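Me: Please take one part of this model and look at it closely. Then set that part against the rest of the chain, residue by residue where that helps.

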Amino acid sequence: MPVAAKSTLDNVSDAFLEFWRERHLCTLTTVRQDGTPHVVPVGVTLDAGTATARVISSGTSHKVRQVRAAGPEGARVAVCQVDGRRWSTLEGRAVVRDDPESVADAERRYEQRYKTPRPNPRRVVIEISVTKVLGNL
């Protein structure tokens, strides 16, 4: 059943939620200053209750620098995952969190979906406030 574009995650199906709990590699798309897309593989966790997606990363990565450069209002981004005919994209505004509590929370969520992340003292979290959901589930 196709998932129509939504402004929140309030009415998504159980199949949608399960798809975002399964272990899938995802992509994060940010936009460079010249307007071209920067697409990289990432692990994403989704908190449907708060419509928040999270990506852990090194604070020195290009994707993190792009999100930070967007300022306090955040950068427009998209995360996507695909498995055969099933796919889902989450669009929203991203900000970088580097406080220990946010990083630890994101690491716990990542461990639940994927595996224990390797130690990284420069780790930060790209936190995405999801505003639009697309997909076919």
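Reply: A residue is called buried when its relative accessible area is under 20%, exposed when it is over 50%, and partly exposed in between. Alanine 51, with a relative accessible area of 15%, is therefore buried. The model is a predicted one, and every value below is computed from it.

The part chosen here is helix α2, but the chain as a whole comes first. The chain contains three helices and eight strands. From start to end of the sequence, they follow the order β-α-β-β-β-β-α-β-β-α-β. The radius of gyration is 14 Å, close to the 14 Å that the globule rule gives for 137 residues, so the chain is as compact as a globular protein of that length. Along the principal axes, the C-alpha atoms fill a box of roughly 40 × 35 × 25 Å. Of the 137 residues, 46% are buried. Among contacts with a separation of 6 or more, 70% are between residues 24 or more positions apart. The accessible surface is about 7600 Å², and carbon and sulfur atoms hold 50% of that surface. There are 21 positive and 16 negative side chains, and the centres of these two sets are 5 Å apart.

Now the helix. Helix α2 covers residues 62-69, and its buried residues are Lys63, Val64, Gln66 and Val67. They lie on the same side of α2, because the arc they cover around the axis is only 160°. The background is simple: an α-helix has 3.6 residues a turn, so residues three or four places apart point the same way. The cover over the buried residues of α2 includes strands β2 (26-31), β3 (37-42), β5 (52-58), β6 (75-83), β7 (86-97) and β8 (123-136).

Next comes the end of the helix. Glycine 71, just after α2, has a positive phi of about 90°. Proline 72 belongs to the loop between α2 and β6. Its relative accessibility is 81%, so proline 72 counts as exposed. The C-alpha atoms of proline 72 and aspartate 98 are 14 Å apart, with their positions 26 residues apart in sequence.

Aspartate 98 also serves as a reference point for strand β8, one of the strands that cover α2. Asparagine 136 lies in β8, and its C-alpha is 34 Å from that of aspartate 98, at 38 residues apart in sequence. Asparagine 136 is partly exposed, with a relative accessibility of 29%.

Strand β2 also helps to cover α2. The loop between α1 (14-19) and β2 holds leucine 25. This leucine 25 is exposed at a relative accessible area of 62%. Even so, leucine 25 has contacts beyond its neighbours within four places in sequence, namely Val42, Cys80 and Gln81. For leucine 25 and valine 42, which are 17 residues apart along the chain, the C-alpha atoms are separated by 6.3 Å.

Strand β5 is another part of the cover over α2, and alanine 51 sits in the loop between β4 (45-47) and β5. Alanine 51 has phi near 55°, a positive value in a residue other than glycine. Within β4 lies threonine 45, which is buried at 7% relative accessibility. Not counting residues up to four places away in sequence, threonine 45 touches Thr52, Ala53, Arg54, Arg109, Tyr110 and Arg113. Valine 31 is 14 residues from threonine 45 in sequence, and their C-alpha atoms are 21 Å apart.

To return to the helix: Lys63, Val64, Gln66 and Val67 are buried in α2, and the cover over them includes strands β2, β3, β5, β6, β7 and β8. After α2 come glycine 71 with its positive phi and the exposed proline 72.

Note on methods:
Residues are numbered from 1 along each chain as its sequence is written. This is a predicted model: local features need pLDDT of at least 70, side-chain atom pairs count only at pLDDT 80 or more; totals for chains, interfaces and linings use all residues. Side-chain values use heavy atoms; hydrogens and water are left out. Helices (H or I, at least four residues) and strands (E, at least two) are DSSP runs, numbered from the N terminus. The radius of gyration is taken over C-alpha atoms; the globule rule is 2.2 Å times the number of residues to the power 0.38. Buried means under 20% relative accessible area, exposed over 50%, partly exposed in between (1.4 Å probe, protein chains only). Contact means heavy atoms within 4.5 Å. Accessible areas come from the Shrake-Rupley method with a 1.4 Å probe; for residues, only the protein chains shown count as cover. Lys and Arg count as positive and Asp and Glu as negative; His and the chain ends are not counted. The place of a charge is taken as NZ of Lys, CZ of Arg, CG of Asp or CD of Glu. The arc is that of the directions from the helix axis to the C-beta atoms.
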